[in-house]
Amino acid sequence: MPLVLHNTLSRKKEPFVPVSPGRVRMYNCGPTVYSDAHIGNFRSFLFADVLRRWLEVSGYAVVQAMNITDVGHARDDDPDFGEDKLDEAARKEKLDPLAIADKYAALFLKDLDKLGIQRAQHYPRATQYIPQMIAIIQRLIETGHAYVSAHDVYYSVASFPAYGKLSGNTGEDLVAGARVEVREDKRDPRDFALWK
């Protein structure tokens, strides 16, 4: 029986067809490692595990990557005003931020094992790719998709007419200030921080 998935872009259920016959490269978001994970955090990891197992049972060779966010995640999802969660945990536990990340990444992997969730083959950490992030942001600035304002770099939502097509969040539906306070240095309230 073929796997049928909801295609977020087309908004329809469609048969799964891999890019490379017999092989699947799978990415899913991983944890931000600043404290113990709770059972609710593992919901998305469990869903990814079920999908991966179905693909493997169906005969696909699956390579899975799951990122580890070990820096740059502000408290209350407000990058403009919130303290970085790792910095806050480091201050409270009197440890270096990278020691906090190492500690909670190791605990996360142990929790995966306890829950019987297969480990991904790759766990890239955000701090391992900072030069690549900077290069991408520089390209976005050069092509007019991002801009420097005060000490921050913002993505210009208006520069990309298809923005929101995948998520379904159109510019008209987004309410400025609904989630975080609107910054005066943004060209458009919908713009979001790429670099602080």
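Trainee: Before we start, what counts as buried, exposed or partly exposed here?

Mentor: Buried means under 20% relative accessible area, exposed means over 50%, and partly exposed is in between. Keep in mind that this is a predicted model.

Trainee: Okay. Ala-150, then: buried or exposed?

Mentor: Exposed, because its relative accessible area is 62% and the cut-off is over 50%.

Trainee: Where does Ala-150 lie?

Mentor: In the loop between β5 (146-149) and β6 (152-155). Its backbone deserves a look too. Phi of Ala-150 is near 55°, a positive value in a residue that is not glycine.

Trainee: What about Arg-11, what is its phi?

Mentor: Positive, about 65°, and Arg-11 is not a glycine either. Arg-11 sits in the loop between β1 (4-7) and β2 (12-15). Its relative accessible area is 40%, so Arg-11 is partly exposed.

Trainee: Switching to aromatics. How many aromatic pairs does the structure hold?

Mentor: The structure has 8 aromatic pairs. One of them is Phe-42 with Phe-45, an edge-to-face pair with 5.7 Å centre to centre and 75° between the planes.

Trainee: Why are Phe-42 and Phe-45 separated by about one helical turn?

Mentor: Because they are 3 residues apart in helix α1. Both Phe-42 and Phe-45 are buried.

Trainee: Any stacked pair?

Mentor: Yes, Tyr-155 and Phe-192 are stacked, with 5.2 Å between centres and 20° between the planes. That pair links distant parts of the chain: Tyr-155 is in strand β6 and Phe-192 in strand β7 (residues 192-195), 37 residues apart.

Trainee: Is Tyr-155 buried or exposed?

Mentor: Tyr-155 counts as buried, because its relative accessibility is 10%. Phe-192 is partly exposed, at 31%.

Trainee: Which residues form an aromatic cluster with Phe-42?

Mentor: Phe-45 and Phe-108 join Phe-42 in one cluster.

Trainee: And where does the charged end of Arg-187 sit?

Mentor: Over the ring of Tyr-147, 4.0 Å from the ring centre.

Trainee: Back to helix α1. What does Arg-53 touch?

Mentor: Leaving out residues up to four places away in sequence, Arg-53 touches Gly-116, Ile-117 and Gln-118. Arg-53 lies in helix α1 (residues 42-57). Arg-53 and Ile-117 are 64 residues apart along the chain, with 9.8 Å between their C-alpha atoms. Arg-53 is partly exposed, at 35% relative accessible area.

Trainee: Last one. Which residues make the nonpolar surface patch of about 290 Å²?

Mentor: Leu-46, Phe-47 and Val-50 make that patch. Phe-47 is found in helix α1.

Notes
Residues numbered from 1 in each chain as written. Predicted model: local features only at pLDDT ≥ 70, side-chain atom pairs only at ≥ 80, totals over all residues. Heavy atoms only, no water. Helix = DSSP H or I, 4+ residues; strand = E, 2+ residues; numbered from the N terminus. Buried < 20%, exposed > 50% of the residue type's maximum accessible area, 1.4 Å probe, protein only. Contact = heavy atoms within 4.5 Å. Patch = residues over 30% accessible without salt bridge, like charges linked within 9 Å, V, L, I, M, F, W, Y side chains within 5 Å. Areas by Shrake-Rupley, 256 points an atom, 1.4 Å probe, with all protein chains shown as cover. Salt bridge = Lys/Arg side-chain N within 4 Å of Asp/Glu carboxyl O. Phe/Tyr/Trp six-rings, centres within 6.5 Å; stacked < 30°, edge-to-face > 60°. Lys NZ or Arg CZ within 6 Å of the ring centre and 35° of its normal.
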